[in-house]
Amino acid sequence: MDQTHFRSCNLCEAMCGLQIEVKNDTIVGFKGDSLDSFSRGHICPKGPELKSLYEDPDRLKYPIKKTKNGWEKVTWVNALSDIANQIVTIQSKYGNDAVAIYNGNPTVHNYGSMLFGQRFVSRIKSKNNFSATSVDQLPHQLLSYLMFGHQLLVPIPDIDRTQYFLILGGNPFASNGSLMTVPDVKKRLKAIQDRGGKYVVIDPRKTETAEHANEHLFIKPGTDVFLLLSLLNIIFENKLNKPNSLLKENDIQSIQILVKEFSPEDVSKITGISKESMERIAFEFANASSAVCYGRVGVSTQEFGALCQWLINVINIVTGNLDKEGGAMFTLPAVDLVGEGSVMRSSSGSFNTFQSRVRKLPEFNDELPVSALAEEILTEGEGQIRVLVTSAGNPVLSTPNGSKLEKALTQLDLMVSFDFYLNETTKHAHYILPPTSTLEHDHYDLIFNVFAVRNTARYNQPLFPPEEGMLHDWEIFSDLTKRIELRRSGKELPTELIKTKLTPASIIDHALKSGPYGAKNNSDIQMSLELLKNSPHGIDLGPLKKSFPERLYTNDKKIHLYPEILESDIPRLKTKFKEQINVSQSKFPYLLIGRRHLRNNNSWMHNLPKLMTGKPRCTMMVHPDDAIQLGITNNEEVIVESKVGQLKIPVEITDELMKGVVSIPHGFGHNRSGTSQTIATQFSGVSINDLTDDQIIDEFSGNAAFSGIQVKIIKIPS
């Protein structure tokens, strides 16, 4: 039977609408949904590959167990009962913290996994919770918590109405936006220019985004914090700041005093950006009719990632561009995770209420920095991690010092992975529990509607029924959670799967009806799951609107422009400024940065054939002058060495990079044995995280600091 199916893609943050043509239960066509008012028919190469993911012969569909004879298929009941028994036994002997959980990035792209995975985490009652947050956006959420009172009150660039867009360490052409859900971003950035505005990119690499910008400026990796301080110095010195009744005068004065020490003259020596360029940017930004400063992974994953995000917020605030059309604004999603009256309000956040056992790193929102995971497994003593549960993650490739973590995983008493691939991480598991794929289950974007550049809502119904015996991730989490509870209470475990009447869809339906666009709030829209089911192209809820002070959740309903706790990090900042980071005299004279490609923002996408077409992407980019100095040529294989490891990689000589900087993409490293990903193995590459150091972090937040890792390059003798 012929069928046309509409849904949004959930392989990245953009939520692009898809139109899928099906004939005789086989997908025969993919294109962008032209009637989706948010994505406007845009589609990137990833969307059509949902078909390849669904049909992938390497995809696991039923639970497997590691035995002396290799991997063997087992029943769900036997697997879940054995796991529950082992978890309860180990926690009874060693304490709750003996069990750790790691949630990978794809978890937030799956509302079933989010909702029921969180219930599982809460029942485990361990402090050893980790996720991809602390190798990515932790500074954003932390500063939103400290400044605005809620971790998900993240300022979003109002890209469709801004006149001046300043981008630091972000490449939305490749990411489709990040903490800025923005489909069709190329046209949206071009529209800024078409209406007489401009966008400026500051990055150590001339990225795909920078290539089309009005202006691109190279910056030395790790020095963005000093640039931001200098921009504020210029703003205050020239009285370009604007009054704001939500600010405390003491906070403004304290920041003015701080930034006086970071003059453009001194900062230019460190960053590589001239005084004149800094002054021009500051004046253009402050005098634009609307402007927004936005920083992403490149600035989040630095030694001062938290201070960078703080200063970005400060620049937007003091120039009058926070909570203003065309500036940095806040969403009001149909399922509100922020509002005090919401039935699904998430935790507002917490910080440093407890620390990791070995290095005393701070928690954020009840999670510890993943840079501590390996040492918490390897270090003996009370609280040592003996069990690890991973969900949709591949931390061996995606977290710092992956080789060390790989060694740690071999020491565990039990490892369980919720995943449909046997990959570089899950190969160490004792059980792999595979959930259904995207096209086999329903979905509602809980998180990315919070970060969207426009308020919108869309519900995705499944395209295909799962094969008999397959389970959705939420069903696996629900059953395992119940078995652990039964085992703890001394009751017999059932010999059949434990069903639950509560489903992700029923939870969302209640949240939609009770949300800001639902009947409970007297909205004309009368939002409900049924309405979304009957709106296959989604519902446009309008542009971002001014929301302060109503959605400001600090105790005094003021913006905390200079959170007192940040003062503890200022001495470290000033010390680093005085050092001026002269890496050219170091044993490791080059600074390594990562990069992202539109076709593979997660490592498991490397097993989808069409996403791996084109020229090889796992290369190390090197500036031509550096290549001449090293005596290396294009495509030549070299050794790259850091303080924690080394690898061999072919060279790609390009003037895209600032001199003294090299770049390796993340997510590769499929050359490890014991995996079962046919396509990924053919494009194995090497892992940048065999060079990054788990000991180098943003000491304030605990976020990984693997942008600007010091390395040396060794020519291999012929």
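**Cavities, sheets and local backbone features**

The largest cavity is lined by 16 residues, and those lying nearest its centre are His140, Pro155, Gln309, Ile312 and Asn313. Four elements each give two or more residues to this lining, namely α4 (138–148), β8 (156–157), β12 (291–295) and α13 (305–318). The structure described here is a predicted model, and the space in its largest cavity amounts to about 140 Å³. When the lining of this cavity is divided by class, 10 residues are nonpolar and 6 are polar, while no charged residue is present. Rolling a probe the size of a water molecule over the atoms shows where empty space is left, and a search of the whole structure in this model returns 6 cavities of 30 Å³ or more.

The second largest cavity has a volume of about 90 Å³. Its lining draws on Ser8, Met15, Asp36 and Phe38, and also on Asp445, Asn449, Thr456, Ala457, Arg458, His537 and Gly538. By class, the lining of the second largest cavity comprises 3 nonpolar, 5 polar and 3 charged residues, whereas the lining of the largest cavity has no charged residues.

Strands of a sheet pair through backbone hydrogen bonds, either parallel or antiparallel. In the open sheet formed by 3 strands, the order is β1-β2-β3 and the pairing is antiparallel. The edges of this sheet are occupied by β1 (3–8) and β3, each of which pairs on one side only. With direction ignored, neighbouring strands of the sheet are turned against each other by 25° on average. Strands β2 and β3, which run antiparallel, are joined by 6 bridges, and within this pair valine 22 is placed opposite isoleucine 27 of β3.

The loop between β2 (17–23) and β3 (26–32) contains asparagine 24. Although this residue is not a glycine, the phi of asparagine 24 is positive, near 55°, and its relative accessibility of 56% classes asparagine 24 as exposed. A comparable description applies to lysine 360, a residue other than glycine with a positive phi of about 60°. Lysine 360 is located in the loop between β14 (351–355) and β15 (362–364), and lysine 360 likewise counts as exposed, its relative accessibility being 55%. Most residues other than glycine have a negative phi, and most peptide bonds are trans. With regard to the peptide bond, an exception is found between phenylalanine 548 and proline 549, which are joined in the cis form with omega at about 5°. Proline 549 belongs to the loop between β22 (539–543) and α20 (570–579).

A further set of pairings is centred on strand β4. Strand β4 (residues 64–67) runs antiparallel to strand β5 (residues 70–73), to which 4 bridges join it, and the two strands form a hairpin with 2 residues between them. Strand β4 also pairs with strand β18 (residues 431–433), again in the antiparallel sense, over 2 bridges. Lysine 65 takes part in both pairings, standing opposite glutamate 72 in β5 and having tyrosine 431 as its bridge partner in β18.

Later in the chain, 6 strands close into a barrel in the order β23-β27-β24-β26-β25-β28, with mixed pairing. From one strand of the barrel to the next, the twist averages 45°. Within the barrel, strand β23 (residues 590–593) and strand β28 (residues 709–715) run antiparallel and are joined by 3 bridges, and leucine 592 is found opposite isoleucine 709 in β28.

Serine 506 was examined individually and is placed in helix α18 (residues 504–514). The side chain of serine 506 reaches the backbone oxygen of threonine 503 at a distance of 2.8 Å. Serine 506 is classed as partly exposed because its relative accessible area, 33%, falls between the limits of 20% for buried and 50% for exposed residues. Between the C-alpha atoms of serine 506 and aspartate 224, which are 282 residues apart along the chain, the separation is 45 Å.

Definitions and conventions
Residues numbered from 1 in each chain as written. Predicted model: local features only at pLDDT ≥ 70, side-chain atom pairs only at ≥ 80, totals over all residues. Heavy atoms only, no water. Buried < 20%, exposed > 50% of the residue type's maximum accessible area, 1.4 Å probe, protein only. Polar contact = N/O pair within 3.5 Å; in protein donor to acceptor, adjacent residues only side chain to side chain. 1 Å grid on protein atoms, 1.4 Å probe; cavity = no way out; pocket = protein on both sides within 12 Å on 5 of 7 lines; lining within 4 Å. Points joined across faces, edges and corners; volume = space filled by probe spheres on them. Nonpolar A, V, L, I, M, F, W, Y, C, P; charged D, E, K, R; others polar. Pairing = 2+ DSSP bridges. Axes fitted to C-alpha atoms, helices over the stretch in contact; angles between N-to-C directions.
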